[in-house]
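Subject: Structure handover and notes

Hello,

Here is the structure you will be working with. Please keep it open while you read the notes below.

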Amino acid sequence: MASWNEFDEQAPELAAVARRLMDAYTHKVLATLRKDGSPRVSGVETSFRDGELWTGSMPRAVKAADLRRDPRMALHVTSRDPDRADPSSWEGDLKLAGRAVEITDAELLASFGLPGAESHLFRIELTEVAWTRVSGDELVITAWREGVGVREFRRD
């Protein structure tokens, strides 16, 4: 699994786009796995600090329980709808996958200023990142996968 900084070193152009989209939109959608293995989606906010991607949750949140039990996760960052007359104007959307590692170090938790002593903090370790957009009359997907690198796919 790669830290944000490692992803940035391996795929700097994609990382720059990903960072721009993530910074532009406060709210993201986090997908976790319930105890029975079915998916759950939750709203979440993220932040960048010390070369890492972070997310947190309120005490006793079900998404935190999901991640504690099974750290596999995916994150979806949407963007504004494109101008229907110009689909290429769409910024695209971003998908990240990997795992969320819970941080329990009291000093690190305190440094984030989370509300309440029982709040949860997770560091996101990445296995894949994909940016999907429209260029001309093609759907373009630029994807990075750990151990594979960056690839681009185009579809009419």
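How far apart are the closest N and O atoms in the salt bridge of K95 with D93? They are 3.9 Å apart. A salt bridge here is a side-chain nitrogen of Lys or Arg within 4 Å of a carboxyl oxygen of Asp or Glu. K95 is partly exposed, with a relative accessible area of 40%, whereas D93 is buried at 12%. Buried stands for under 20% relative accessible area, exposed for over 50%, and partly exposed for what lies in between (1.4 Å probe, protein chains only).

Two points on how to read the rest. The model is predicted, so local features need pLDDT of at least 70 and side-chain atom pairs count only at pLDDT 80 or more, while totals for chains, interfaces and linings use all residues. Residues are numbered from 1 along each chain as its sequence is written, and side-chain values use heavy atoms, with hydrogens and water left out.

Salt bridges

The structure holds 17 salt bridges. One of them joins D66 to R40, and the closest N and O atoms of this pair are 2.6 Å apart. D66 lies in helix α3 (residues 62-69) and R40 in strand β2, so the pair ties together parts that are 26 residues apart in sequence. Helices (H or I, at least four residues) and strands (E, at least two) are DSSP runs, numbered from the N terminus. D66 is buried, with a relative accessible area of 1%, and R40 also counts as buried, at 17%.

Another salt bridge is formed by R60 and E118, with 2.9 Å between the closest N and O atoms. This pair links distant parts of the chain, 58 residues apart: R60 is in the loop between β4 (52-57) and α3, and E118 is in the loop between α4 (106-111) and β7 (120-135). Both residues, R60 and E118, are exposed.

E52, R99, R123 and E125 are joined into one network by salt bridges that share partners.

Strand β1 and its partners

Strand β1 (residues 28-33) has two faces: K28, L30 and T32 are on the covered one, and V29, A31 and L33 are on the uncovered one. β1 pairs with strand β2 (residues 39-44) in the antiparallel sense, over six bridges. Two strands count as a pair if DSSP finds at least two bridges between them. In this pairing V29 stands opposite G43 in β2. The hairpin of β1 and β2 has five residues between the strands, and G37 in this hairpin takes a positive phi near 90 degrees.

β1 is also joined to strand β5 (residues 72-77), by three bridges, and these two strands run antiparallel. Here A31 stands opposite A74 in β5.

Strands β3, β4 and β7

β3 and β4 run antiparallel and are joined by four bridges. F48 stands opposite L53 in β4. On β4 there is a second pairing: β4 and β7 are antiparallel over five bridges, and L53 stands opposite I124 in β7. β4 is mostly covered, as five of its six residues are buried.

The hairpin of β3 and β4 has two residues between the strands. D50 is found in the loop between β3 (46-49) and β4, and G51 is found in that loop as well. D50 is exposed, with a relative accessible area of 65%, while G51 counts as partly exposed at 28%. The C-alpha atoms of G51 and W4 are separated by 5.8 Å, although the two residues are 47 residues apart along the chain.

Positive phi values

Why is a positive phi worth noting outside glycine? Because most residues other than glycine have a negative phi. D50 has a phi near 55 degrees, a positive value in a residue other than glycine. R60 is not a glycine either, and its phi is positive at about 65 degrees. R60 counts as exposed, at 68% relative accessibility.

A charged patch

E6, D8, E9 and E146 form a negative surface patch (residues with over 30% relative accessible area and no salt bridge, like charges joined within 9 Å, nonpolar side chains within 5 Å). D8 is found in helix α1 (residues 4-10). D8 is partly exposed, with a relative accessible area of 31%.

Regards

Terms used
Areas by Shrake-Rupley, 256 points an atom, 1.4 Å probe, with all protein chains shown as cover. Lys, Arg positive; Asp, Glu negative; His and termini not counted. Charge placed at Lys NZ, Arg CZ, Asp CG, Glu CD.
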